[in-house]
Amino acid sequence: MNTGNNLLYLMVSALLGFMSISGILGNQNLKNLRILLEPPEEIYDGVETLLTIHIQNNRRLLPSILLEILFQEQCSDTVYLLAKGDTTKVNIPVTFYGRGDHSQHKLSISSNFPINFFIRSQTITLEHTIVVFPKPFPCRSALSLFSEKSGLKNESAQKGYEGDINCIVDYQSGEPLKMVHWKLSARHDSLKIKKLSSTGAEPVEIDPNSLPGPSLEARLCCASFLINEFTRSSRPVGLKLGETVYPAATGRPHKYTLLTALAHYGNDTKTP
Amino acid sequence: MVTIQKPLNLITYSVTIIGAGPLWIWLNLPARIFLPVALAIGFTSDLKNSYTLRGHSSTLLSLAFFLFYASQLNLENIVQPFVNLVVLLLCVRLITEKSSRNYLQIFVLSLFALASASMFSFSIFFFPALIFLVFGITIGLVLLTFYTKDPGLRLPISDFIAIVKTATILPVVSLLLMLLFFVILPRTEHPLWHFISPTVSATAGFSDKVQPGSISSLAALKTLAFRAQCPILPRETLYWRGTVLNTIDSTTWSRTDLPQEKVIVTGGETVQCTLYLPTKDNTFLFGLDLPFSLSGIPHRKSGDQVFLAKRALNKNAKIEVTSRIGGTLQMLDTIDESFYLKVPPLLSPRLLETAKTIRKEGGSAKERIELLKQFFLQQNLTYANTDLPGSESPMEEFLFIKKRGYCEFFASSFALLLRMADVPARLVGGYLGGNYNNLGDYYQVTEDMAHVWVEALVDSKWTRIDPTRLAQNHAESTLNQRQSELSLLRKAFDSIDYFWTQAVITYDFQKQFQLVRNTGKNLRSFRKNWKITWQDFYPLLWITLGIFVIWQGVRWKTSSKEERLLKHYYSAIRKKYKGQSIPENVGLHELAIQLEDPLCHEFATIFGSALYSEHKLTQEEYMKLLNLIYHLKKRTTKTTP
């Protein structure tokens with residue numbers, strides 16, 4: 001007979017059961033999670049930026065609880081509950097080092113669910129190409145050099161939306177309605193639109209090799225700064241990288257094209 | 001919104017009450033006072049968020065309690081200081097500001113408190129308390145994890161419910177695994193902490209001494225004496241033999257060492273009984289009269305068929321007893337009759353006179369017994385538990401003055417008069433009756449069924465005589481009602497308690513070993529006797545059916561509303577268009593065109609719009625689609641000849 005032990009055995013059995021299921025539940029809590037990166041449009045070498053991470057719970061029965069994402073030793077806010085099938089996003093301040101493509105990213109997802117005794121974590125390697133632009137280095141001397149070459153607010157022959165009417169042409173799909181010349185259109189059978197000149201300053205072409213700086217990297221940083229500055233002031237900017245020439249233009253997409261070219265110039269793809 | 005601390009506090013207080021509650025009756029006064037006070041102070045402090053006891057002061061108070069109770073510790077007194085200390089430490093934690101660590105300490109101390117309760121009692125109430133504690137502590141620990149992240153965390157009610165639902169998996173599965181682990185955990189042959197158990201409190205009812213007149217009234221105690229698993233037997237045969245009292249000293253009957261006696265049990269019907277004995281402060285082992293063999297625990301057997309355990313019964317025991325109902329205890333040798341004829345020196349004249357008359361009128365032992373029975377009947381004695389004869393000359397007062405008493409009066413005066421009339425006699429102590437519980441198929445014998453009867457030596461055979469049956473009110477006396485029907489509720493409760501004792505309290509290494517052996521044996525015999533009937537398949541069928549239902553349930557739960565709807569739709573059109581092939585990979589619109597059915601077109605339009613715009617179906621759309629499926633099915637029924 002062993003009666004004295006049995007109530008104790010019952011309690012120990014319950015504790016063992018609890019340990020087992022808490023381990024399984026904690027393990028399952030991190031399963032079937034889909035992680036997606038949503039980097040900001042501009043990421044510069046060595047400059048802190050906010051990275052958005054989407055977490056999707058693909059589990060069919062249970063929610064995921066108390067999730068935290070750790071990326072580059074930075075921890076996200078806690079996601080207290082992510083219901084089955086739901087998606088949420090968290091932001092993490094990150095800094096990428098080295099210009100060029102960063103295509104593999106190691107991050108870990110952790111949780112102390114169900115009990116605070118253990119923290120479970122899972123390391124995930126994500127394939128997502130993030131282009132890191134050269135860090136803009138404020139090279140005022142180069143900027144003033146370009147300013148001296150041509151004054152601002154000069155009208156150019158390029159198409160714009162603010163200058164004088166260059167010519168009247170037939171409407172083509174995609175043209176903004178504000179450009180329609182209603183009076184003329186009324187006199188004709190077809191819609192006529194106004195072609196205005198651009199009020200931007202004189203276009204500039206940046207050749208990093210001709211910029212001041214002790215090294216290629218320094219000159220690329222200067223070029224990055226200049227591209228940002230000229231885009232901000234709506235001045236058409238072009239780029240000459242060896243044999244490759246990017247014609248001068250304005251706008252954010254053009255800026256990213258130039259910065260991407262700078263990021264890849266003379267360098268292979270980098271991984272952190 | 002739900003502030004996470006509120007449900008956490010609620011769980012903490014509930015866990016404290018359930019954990020420490022079972023210890024209440026064993027606590028000292030300070031702990032008894034402090035526990036409810038601490039609960040009240042803690043509760044109000046949490047509401048006001050203002051605490052009188054903080055950091056160091058609480059540590060100092062805990063230390064003071066520890067030192068006080070540690071100074072009281074000794075080998076004979078371990079449990080009391082320990083449980084009081086556990087409860088007082090719990091109280092300190094309740095009234096201090098609650099950090100994550102403090103909550104954890106409250107949970108652990110509550111668990112300790114319940115574990116300590118198992119040192120005092122094996123009651124079935126431990127089980128519901130443990131279940132509650134497992135639920136409370138596990139869900140509490142999950143909430144505590146949230147609390148640790150952010151003590152001021154507030155969550156939407158729907159989120160909170162979802163978290164609690166998920167957390168409930170922990171206690172449910174823990175308890176299921178508990179059952180498995182309980183069965184398979186390796187057992188030790190020695191109790192883990194019985195060395196610190198307190199001595200078992202004395203049981204009332206059955207006694208190893210009979211002293212009529214020592215009390216003025218007898219209270220009926222309903223505490224369990226033992227349970228006996230045996231066939232249903234006639235009421236008049238339910239005499240449970242425990243001890244034999246062979247010596248009378250003044251007015252007290254007791255047991256002294258027997259002269260060497262060789263006996264044999266003859267005749268009667270053999271009955272096997274399994275008795276489950278709770279903890280006792282004596283070593284008497286019971287058996288249906290006349291017991292002749294016993295197994296289950298180490299014991300000694302005397303010539304008068306009294307079985308004594310070699311060790312104190314400080315834990316529940318299970319014994320197998322073989323008895324002969326209606327059997328006779330036959331002496332094989334001549335015995336020293338004078339041993340059973342000894343009487344106290346000072347006897348009342350009325351008793352002497354009665355004995356003298358019987359001795360004179362009765363020629364043989366049989367005749368004298370009959371004469372004494374006649375005398376008892378003539379005296380119009382009443383069976384009673386109150387207004388009993390006093391202690392100076394109880395037997396004379398019982399027979400000639402008050403003429404009322406309970407079994408001890410009847411048996412001791414009968415045996416004494418037999419001895420005085422030169423008929424060797426002794427008292428037998430045990431129980432009479434038993435409540436048969438047909439839910440569990442056993443007799444429940446309680447302490448209020450304790451009984452004493454007489455054995456007289458007639459022609460070298462010990463004959464059972466129950467003088468209490470000679471009471472004028474025997475037919476309606478409580479003694480005669482001892483094999484009564486229990487109420488269904490009591491029966492059910494006692495059955496649960498019985499199964500608790502069977503399955504948990506007495507589960508040991510031997511049972512564990514037996515379980516493994518039986519499983520192996522059954523498996524081998526199953527392989528050998530490969531003769532299967534349909535009935536053999538029933539359990540398998542039920543299990544398969546159960547698994548199928550669970551699997552379907554899981555599938556239903558895991559599939560989306562849209563998936564289920566589409567499945568029903570395909571099933572409906574397959575039934576309706578039996579002759580046509582309905583390929584699954586064809587689009588809904590294409591299928592509708594193929595079938596030329598306006599209902600299918602409507603279904604495709606509604607479902608398709610949700611599918612292609614990647615939004616979930618609204619309730620209205622869902623109901624509309626269900627209605628379409630219903631109409632598709634309805635038309636099927638109509639067209640089916």
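## A tour of chains A and B

Begin by selecting helix H2 of chain B, and colour its buried residues, which are B:Ala31, B:Phe34, B:Leu35, B:Ala38, B:Gly42 and B:Asp46. Keep in mind throughout that what you see on the screen is a predicted model. An α-helix has 3.6 residues a turn, so residues three or four places apart point the same way. If you now add helix H1 (5-20) and helix H4 (79-95) of chain B, you will see part of what covers the buried residues of H2(B). H2(B) itself runs over residues 29-48, and its 20 residues reach 29 Å from the first C-alpha to the last, which is close to the 28 Å expected at 1.5 Å a residue. Step just past the helix to B:Asn49, where phi is positive, near 55°.

Zoom out to the whole of chain B, in which there are 18 helices and 22 strands. Of its 641 residues, 34% count as buried. Among contacts in this chain between residues at least 6 apart in sequence, 75% join residues at least 24 apart.

Next, select strands S11, S14, S8, S3, S20 and S19 of chain B, which in that order form an open sheet of six strands with antiparallel pairing. Which strands stand at the edges of this sheet? They are S11 (291-295) and S19 (435-437), and because each has a single partner strand, one side of each is left without a neighbour in the sheet. Looking from strand to strand, you will find that neighbours are turned by 30° against each other on average, direction ignored. Inside the sheet, pick S3 (residues 224-229) and S20 (residues 442-446), which run antiparallel and are joined by four bridges; B:Ala228, for example, has B:Tyr443 in S20(B) as its bridge partner. Then show helix H12 (residues 488-505) of chain B, which lies across S3, S8 (269-277), S19 and S20 and runs at about 75° to S19(B).

Move on to strand S21 (residues 450-458) of chain B, which is mostly covered, since eight of its nine residues are buried. S21(B) pairs in the antiparallel sense with strand S18 (residues 425-432) over seven bridges, and here B:Leu427 stands opposite B:Val454 in S21(B). S21(B) also pairs in the antiparallel sense with strand S22 (residues 461-465), over five bridges, and in this pairing B:Leu457 stands opposite B:Trp462 in S22(B). The hairpin of S21(B) and S22(B) has two residues between the strands, and there B:Asp459 takes a positive phi near 50°.

Now select helices H10 (residues 394-401) and H11 (residues 407-420) of chain B, whose axes come within 10 Å and cross at roughly 100°. The two helices are therefore roughly perpendicular to each other. To see where they touch, show B:Pro394, B:Met395, B:Phe398 and B:Leu399 in H10(B), which meet B:Phe409, B:Ser412, B:Ser413 and B:Leu416 in H11(B). The residues of this contact divide into six nonpolar, two polar and no charged.

Finish where the two chains meet, in a contact that takes 35 residues from chain A and 49 residues from chain B. On the side of chain A that touches chain B, the elements giving two or more residues are helix H1 (3-28), strand S3 (64-71) and strand S5 (79-82) of chain A. Which of these gives the largest share? It is H1(A), from which 18 residues come. The residues on this side of chain A divide into 22 nonpolar, twelve polar and one charged.

Terms used
Residues are numbered from 1 along each chain as its sequence is written. Chains are lettered from A and ligands numbered from 1 in the order in which they are written. This is a predicted model: local features need pLDDT of at least 70, side-chain atom pairs count only at pLDDT 80 or more; totals for chains, interfaces and linings use all residues. Two strands pair if DSSP finds at least two bridges between them. Axes are lines fitted to C-alpha atoms, for helices over the stretch in contact, and angles run from 0 to 180 degrees between N-to-C directions. Two residues are in contact if their C-beta atoms, placed from the backbone, lie within 7 Å. Angles under 35 degrees count as roughly parallel, over 145 as roughly antiparallel, 65 to 115 as roughly perpendicular and the rest as oblique. Ala, Val, Leu, Ile, Met, Phe, Trp, Tyr, Cys and Pro count as nonpolar, Asp, Glu, Lys and Arg as charged, and the others, Gly among them, as polar. A residue is buried if 20 or more other C-beta atoms lie within 10 Å of its own, exposed if 12 or fewer, and partly exposed in between; C-beta atoms are placed from the backbone. The expected span of a helix is 1.5 Å times one less than its number of residues.
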